[in-house]
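Here are my notes from going through this one. Keep the viewer open and find each residue as you read.

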Number of protein chains: 2
Amino acid sequence: MKRRLLLVSNSTLHGSGYLDHCQENISHFFGRDVKRVLFVPYALHDRDAYTKTARDKFNSLGYEVDGIHEAPDPVAAVRKAEGIFIGGGNTFRLLKSLYDNKVLTEIRKRVLEDGVPYMGSSAGTNVATVSINTTNDMPIVCPPCFSALSLVPFNINPHFLDPDPHSRHMGESREQRITQYHEEPDTPSVLALREGSLLLVEGNKATLLGTTRARLFTRGKPTVDYDPGSDLSFLLTH
Amino acid sequence: MKRRLLLVSNSTLHGSGYLDHCQENISHFFGRDVKRVLFVPYALHDRDAYTKTARDKFNSLGYEVDGIHEAPDPVAAVRKAEGIFIGGGNTFRLLKSLYDNKVLTEIRKRVLEDGVPYMGSSAGTNVATVSINTTNDMPIVCPPCFSALSLVPFNINPHFLDPDPHSRHMGESREQRITQYHEEPDTPSVLALREGSLLLVEGNKATLLGTTRARLFTRGKPTVDYDPGSDLSFLLTH
Ligand SMILES: [Ca+2]
Ligand SMILES: [Ca+2]
């Protein structure tokens, strides 16, 4: 399988600029062969402004950026893409737009069959997985279903947050929410990426990158924390 | 319209027991005429344990409790209910179960036409509104759609949280999430109930109760905070 994925927990790390914290990973990932990256801004309302933000950053790293919404035919834009980046925002809005524009099948085909490198951040990482069941976002619109690109056979929870021991808030902790997901039958593992974490997938090899640990939730098993650098390839074999 | 609703932000307030903070409101609301309350535990996985928790609390206030899942026919249970209480948990799981058990129409009819008092807490408050678009919960299962009981013509965000100025977390604030909802066309107002808040609706009169202020988000307008005791009846006329 030619699959190459860079799945980032968060676009912006506290105290730094947009994608600053993972810019070396991005340069490494897209490399010298990719000249233009197709950006998918569907997760935010103002697609032009969002594309400008992504374009400025990617230009500074030596890549041209095309906004998928600027193309007359989004499917054709995916068909000729050298690299794809789906940015964060609202995951429900993003997934609905991917369905509305009928690009899910084509993105999946390009990534899994043609080896087009795929980068996702936050919501763009959620939609790379089997489903958006473990997004943190508010369900502001209703996509036809929660099934997503299935570029990997598990779920990711981006922006993972450890419980705050000083909080007086009584809403569910992130851990409780993921545990509730696993009360449902046949639910896949959830890789919880704290801010600062990213997952690199190359073929059948998966490696945790970044500066923070990731927590793996597996149905019916205790959670396990993994350090940056860990080989998580076993997650790809389910 | 006979409608009587008690819509609670949160079941448990930090430092007190289950429904303690609003127990006087509950006694007032169901009064002396109601002897038995039909409890809907669909939002949590362990329905028996959840019903026991609700039953213990309601018994202490002088009410008998029937769990809807204990009835052979849930629609028939709704048809003969004197009062209804839908508890919190996961809003997606709750709404899906309400659809799966085909009780939405009957609950709506009993409340709006027969004047059966309806109490909701957290997820049970979300489903009382037009839709679950402003829940905070993780979408662990997919209901047929996000439309809910529509006992009121607006949305509620329970467990509303003001932004934490010391947070280094980069996920969206609650205010940002609701603002994203209002970027979508024709979205109704969102009444954000901080923990400790509750809304009492009697016919066409709505009153904010509890100990914390509520924030109203209206599409295209600045937000407004309301103190406990405020008359919010204008929200019912849209
Ligand atoms: Ca988001
Ligand atoms: Ca909840």
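1. Let's start in helix H4 of chain A, which covers residues 91–100. Lys96(A) and Asp100(A) both sit there, four residues apart, or about one turn of the helix. Their side chains form a salt bridge, with the closest N and O atoms 3.0 Å apart. Is the pair buried or exposed? Neither, quite: Lys96(A) has a relative accessible area of 29% and is partly exposed, and Asp100(A), at 44%, is partly exposed too. Keep in mind that this is a predicted model.

2. Now for a salt bridge between Arg93(B) and Glu184(A), where the closest N and O atoms are 2.9 Å apart. This pair crosses between chains: Arg93(B) belongs to helix H4 of chain B, while Glu184(A) is in the loop between helix H7 (174–183) and strand S7 (190–194) of chain A. Arg93(B) counts as buried because its relative accessibility is 6%, under the 20% cut-off. Glu184(A) is buried as well, at 17%.

3. Next, look at Lys205(A) and Asp231(A), whose side chains meet in a salt bridge of 3.5 Å, N to O. Lys205(A) lies in strand S9 (residues 205–210) and Asp231(A) in the segment after strand S11 (224–226), so the pair ties together parts of chain A that are 26 residues apart in sequence. Lys205(A) is partly exposed at 45% relative accessibility, and Asp231(A) is partly exposed at 43%.

4. Some salt bridges share partners. Which residues do they join into one network? On the acidic side, look for Asp162(A), Glu175(A), Asp225(A) and Asp227(A); the arginines are Arg194(A), Arg213(A) and Arg215(A). Over all chains, a search of the whole structure finds 40 salt bridges.

5. Back to H7 of chain A. Its buried residues are Arg174(A), Arg177(A), Ile178(A), Gln180(A), Tyr181(A) and His182(A). What covers them? The cover includes strand S6 (155–160), S7 and strand S10 (214–217) of chain A, together with H4 of chain B. You've already met that last helix, as Arg93(B) sits in it.

6. Two backbone angles are worth a look. Most residues other than glycine have a negative phi. Ser150(A) has a positive phi, near 55°, and lies in the loop between helix H6 (123–126) and S6 of chain A. Asp186(A) also has a positive phi, about 60°, although it is not a glycine; find it in the loop between H7 and S7 of chain A. As for their surroundings, Ser150(A) is partly exposed at 27% relative accessible area, whereas Asp186(A) is exposed at 74%.

7. Finally, zoom out to all of chain A, with its seven helices and eleven strands. How does its radius of gyration fit a compact globule? For 238 residues, such a globule would have a value near 18 Å, and chain A has 17 Å, which agrees. The C-alpha atoms fill a box of roughly 45 × 35 × 35 Å along the principal axes. Buried residues make up 56% of the chain. Among contacts with a separation of 6 or more, 68% involve residues 24 or more positions apart.

8. One last thing, on surface and charge. Chain A exposes about 9,700 Å², with carbon and sulfur atoms supplying 49% of it. The chain has 27 positive and 28 negative side chains, and the centres of the two sets lie 3 Å apart.

Methods:
Residues numbered from 1 in each chain as written. Chains lettered and ligands numbered in written order. Predicted model: local features only at pLDDT ≥ 70, side-chain atom pairs only at ≥ 80, totals over all residues. Heavy atoms only, no water. Helix = DSSP H or I, 4+ residues; strand = E, 2+ residues; numbered from the N terminus. Rg over C-alpha atoms; globule rule 2.2 N^0.38 Å. Buried < 20%, exposed > 50% of the residue type's maximum accessible area, 1.4 Å probe, protein only. Contact = heavy atoms within 4.5 Å. Areas by Shrake-Rupley, 256 points an atom, 1.4 Å probe, with all protein chains shown as cover. Lys, Arg positive; Asp, Glu negative; His and termini not counted. Charge placed at Lys NZ, Arg CZ, Asp CG, Glu CD. Salt bridge = Lys/Arg side-chain N within 4 Å of Asp/Glu carboxyl O.
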